[in-house]
Amino acid sequence: MAGVRVSTLIEKMNLKSFLPTVNTDNIILRHPDINRPALQLTGYYDHFDEERVQIIGFVEQEYLMQLPQEVRYECYEKLLSKKIPCLIMCRSFEPEERMLEIGDKYGVPILGTDKTTTDLMAEVIRWLKVQLAPTISIHGVLVDVYGEGVLIIGESGIGKSEAALELIKRGHRLVSDDVVEIRKVSDVTLLGSAPDITRHFIELRGIGIIDVKALYGVGAVKDTQSIGMVIKLEDWDREKEYDRLGLEDQYTEYLGIKVICHSIPIRPGRNLAVIVESAAINHRQKKMGYNAAQELYNRVQNNLRKGSVDII
């Protein structure tokens, strides 16, 4: 399972390290949830998940400060001896010297922030869930079209990058070309991004690599985007039946989540950028409750019923 270094957490959350001698690069977080060790401070350690980030908030701090000194030091010893990944003090609380000594003894980073406990918990959980989400890499192009994440897939050389470039020229934003990293951040959401090494680059056969951010500006790129639909490009096949109405949605599946998928046949003269734009807008309309194919079907049915009445 992938992990996140505590040093990365410190950097992203702008945390203060009270024990800079502890090497946080070697401590890996593998659990997206956090824990406020209120019960543990009272001595109850059954079912304690020591892999989680531990946070001391206002209630825990007030409880500790009311304890006799020796009892409080015992609480520090018991908690920090569990080899927790780190302990974060919220609301600008300063750790006691004894806590720092015990943290250094067991190699547990003691961190601090001026944020409230609730705000920090929400930020850490949201960020860790994205970083530790199940991830796959696929061959394709991800573009933000009118706010919809459109994943364009197909055989190598079929024109995915060229379609993405035309969409960028029309004001849309590139997320990733060639390789798309897909993360399952919830039971209904897939988040796409580019590998660090290829971010903002597009490969065009016959031309080479171009830097979209440098050529078209920062408004033409985006780091991450939720995937709302898939466009599958394929060679035109006269023998194949293609969907011409769209009454029934077709799906493809990534990481157990189904995503609407449209198969687009490629032949000379078809403007892929316009087709992708239309598909994105139509998808948004459907989410807002309007289905053009269903509207056409209803009109046809109404006309048929009127014709039957006239005949009678």
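Salt bridges number 14 in this structure, which is a predicted model. Side chains of opposite charge can pair when their charged atoms come close, and a few of these pairs make a good starting point for a tour.

One of the salt bridges joins Lys-115 to Glu-123, with 2.8 Å between the closest N and O atoms. Lys-115 has a relative accessible area of 24%, so it ranks as partly exposed. Its partner Glu-123 is likewise partly exposed, at 25% relative accessibility.

Arg-199 offers a richer case. Its salt bridge with Asp-196 brings the closest N and O atoms to 3.0 Å. Arg-199 is partly exposed, having a relative accessible area of 25%, whereas Asp-196 counts as exposed because its relative accessibility reaches 64%, against a cut-off of over 50%. Arg-199 also forms a salt bridge with Asp-223, where the closest N and O atoms are 4.0 Å apart. This second pair ties together distant parts of the chain, the two residues being 24 residues apart. Arg-199 sits in the loop between strand E13 (190-193) and strand E14 (201-204), while Asp-223 belongs to the loop between helix H8 (212-216) and strand E16 (224-226). With a relative accessible area of 44%, Asp-223 is partly exposed. Elsewhere among the salt bridges, shared partners join Asp-144, Arg-173 and Lys-222 into one network.

Attention now turns to a pocket. The second largest pocket encloses about 510 Å³ of space. Its lining is made up of 22 residues, and those closest to the pocket centre are Val-130, Gln-131, Glu-181, Arg-183 and Asp-196. Asp-196 thus links the two themes of this passage, since this residue is both a salt-bridge partner of Arg-199 and one of the residues closest to the centre of the second largest pocket. Several elements give two or more residues to the lining, namely strand E1 (4-5), helix H1 (6-13), helix H6 (117-131), strand E12 (179-184) and E13. Strand E13 is therefore a contributor to the pocket lining as well as one of the two strands that flank the loop holding Arg-199.

In chemical character, the lining of the second largest pocket divides into eight nonpolar, seven polar and seven charged residues.

Note on methods: Residues numbered from 1 in each chain as written. Predicted model: local features only at pLDDT ≥ 70, side-chain atom pairs only at ≥ 80, totals over all residues. Heavy atoms only, no water. Salt bridge = Lys/Arg side-chain N within 4 Å of Asp/Glu carboxyl O. Buried < 20%, exposed > 50% of the residue type's maximum accessible area, 1.4 Å probe, protein only. Helix = DSSP H or I, 4+ residues; strand = E, 2+ residues; numbered from the N terminus. 1 Å grid on protein atoms, 1.4 Å probe; cavity = no way out; pocket = protein on both sides within 12 Å on 5 of 7 lines; lining within 4 Å. Points joined across faces, edges and corners; volume = space filled by probe spheres on them. Nonpolar A, V, L, I, M, F, W, Y, C, P; charged D, E, K, R; others polar.
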